[in-house]
Amino acid sequence: MRIDVMAHILGGTVGIVAGFAALYTTKGAPLHRRVGMVFVYAMLAMSVMGAGMAALRNVAPQANVPAGLLTAYLVVTGLTTVRPPARWSRPLAVGLLLLALAVGLTDFTLGLRAITSSNAKTHWMVIPFSIFATVALVASAGDIRLLRSGALRGASRLARHLWRMSFALFIAAFSFFIGQAKVIPKSMRIYPLLALPVVVILATMVYWLWRVRSRRLNRGIVIRSAPATLVNDAHVAAL
């Protein structure tokens with residue numbers, strides 16, 4: 001096995017394990033912050049390498065390149081959401097917005113091609129293309145609102161962080177457990193069981209978004225004092 005493939009698999013494995021750990025630890029607590037940063041680094045390595053290998057080796061690049069770029073985008077914007085603003089924050093946000101728009105429009109176009117293709121075997125591809133296009137375009141709309149308002153506070157800030165990190169984890173888990181199911185030994189290839197971690201991620205994301213939006217926000221989520229430059233804005237460490 002090539003070293004880049006091994007690194008890609010290792011990054012994905014570490015990212016999934018760290019992501020699950022972050023989902024089930026107290027939000028903002030020291031352990032959450034530590035495993036969160038492991039998740040960020042592992043996911044960035046996995047997604048960028050995956051997109052690069054798909055493009056260079058022609059491994060379903062139409063599906064894998066946008067998916068890899070979308071995953072990296074979600075992780076970076078999820079991280080920057082809970083970091084104090086810096087001089088480079090706005091240019092980075094604009095660049096990431098353009099990336100999300102490009103991914104969304106590309107997947108939307110590919111979905112249209114898949115559903116209108118004369119080859120009926122490609123029609124099912126409209127489902128993943130539509131999902132990724134919707135996520136990318138919804139996320140880019142959120143970026144536009146953020147750039148216009150200048151800052152997010154409270155529940156909106158936490159919700160943006162939570163759903164972006166959680167959906168990035170969902171993409172990685174889906175690719176690992178479902179997308180690569182053929183490499184799993186046949187005796188262990190039980191699809192309902194393989195789909196369970198993917199479903200758990202979505203269910204947990206919905207739960208935490210509900211918690212963030214509810215009055216019990218401060219139960220199970222550690223809110224740290226904001227730096228002087230962010231008066232009245234709760235600062236929560238990265239997932």
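**Exercise 1. By about how many helical turns are F167 and F170 separated in helix α6?**

Before we start, note that this is a predicted model.

*Step 1.* Count along the chain: F167 and F170 are three residues apart in helix α6.

*Step 2.* Recall the helix rule. An α-helix has 3.6 residues a turn, so residues three or four places apart point the same way.

*Step 3.* Put the two together: F167 and F170 are separated by about one helical turn, because they sit three residues apart in α6.

**Exercise 2. Work out how the rings of F167 and F170 are arranged, and whether each residue is buried or exposed.**

*Step 1.* Look at the ring geometry. The ring centres of F167 and F170 are 5.1 Å apart, and their planes meet at 45°. Planes under 30 degrees apart would count as stacked and those over 60 as edge-to-face, so this pair is tilted.

*Step 2.* Check burial, for which the cut-off is under 20% relative accessible area. F167 has 9% relative accessibility, so F167 is buried. F170 has 13%, so F170 is buried too.

*Step 3.* Look for further partners: F167, F170 and F174 make up one aromatic cluster.

**Exercise 3. Classify the ring pair formed by Y207 and W208.**

*Step 1.* The centres of these two rings lie 5.5 Å apart, with planes at 70°, so the pair is edge-to-face.

*Step 2.* Now compare their surroundings. Y207 has 38% relative accessibility and therefore counts as partly exposed, whereas W208, at 9%, counts as buried.

*Step 3.* For the full picture, the model holds five aromatic pairs.

**Exercise 4. Describe the largest nonpolar core: which residues touch the most other members, and which helix supplies the largest share?**

*Step 1.* This core has 35 residues, and L70 and L74 touch the most other members.

*Step 2.* Find the contributors. Helices α1, α2, α3, α4, α5, α6 and α7 each supply at least two residues. The largest share comes from α6, with 10 residues.

*Step 3.* Zoom in on L74. Beyond its neighbours within four places in sequence, L74 contacts V135, W163, R164, F167, A168 and I171.

*Step 4.* Do not stop at one core: a second, separate one has five residues, including L158, L162, W208 and V212.

**Exercise 5. Where is S166, and is S166 buried or exposed?**

*Step 1.* S166 belongs to helix α6, which runs over residues 154-179.

*Step 2.* With a relative accessible area of 2%, S166 is buried.

*Step 3.* Ask what surrounds this serine. Setting aside neighbours within four places in sequence, S166 is in contact with L23, I201 and M205.

**Exercise 6. Test whether the span of α5 agrees with the expected one, and find what covers its buried residues.**

*Step 1.* Helix α5 has 24 residues, and at 1.5 Å a residue it should span 34 Å. The count to multiply is one less than the number of residues.

*Step 2.* The end C-alpha atoms of α5 are 34 Å apart, so the two values agree.

*Step 3.* The buried residues of α5 include F129, F132, D143 and L147. Their cover includes α3, α4 and α6.

*Step 4.* Look just past the end of α5: there G150 takes a positive phi of about 90°.

**Exercise 7. Which helix gives the most to the lining of the largest pocket?**

*Step 1.* The largest pocket has about 1600 Å³ of space. Among its 44 lining residues, N64, S175, F176, G179 and Q180 are the closest to its centre.

*Step 2.* Each of α1, α2, α3, α4, α5 and α6 supplies at least two lining residues.

*Step 3.* Helix α6 gives the most, with eight residues.

Key:
Residues are numbered from 1 along each chain as its sequence is written. This is a predicted model: local features need pLDDT of at least 70, side-chain atom pairs count only at pLDDT 80 or more; totals for chains, interfaces and linings use all residues. Side-chain values use heavy atoms; hydrogens and water are left out. Helices (H or I, at least four residues) and strands (E, at least two) are DSSP runs, numbered from the N terminus. Buried means under 20% relative accessible area, exposed over 50%, partly exposed in between (1.4 Å probe, protein chains only). Contact means heavy atoms within 4.5 Å. A nonpolar core is a set of buried Ala, Val, Leu, Ile, Met, Phe, Trp, Tyr and Cys residues joined through side-chain atoms within 4.5 Å. Rings of Phe, Tyr and Trp (its six-membered ring) pair if their centres lie within 6.5 Å; planes under 30 degrees apart count as stacked, over 60 as edge-to-face and the rest as tilted. On a 1 Å grid over the protein atoms alone, a cavity is a set of points where a 1.4 Å probe fits but cannot get out, and a pocket is an open set with protein on both sides within 12 Å along at least five of seven lines; lining residues have an atom within 4 Å of a point. Grid points are joined across faces, edges and corners, and a volume is the space filled by probe spheres set on the points.
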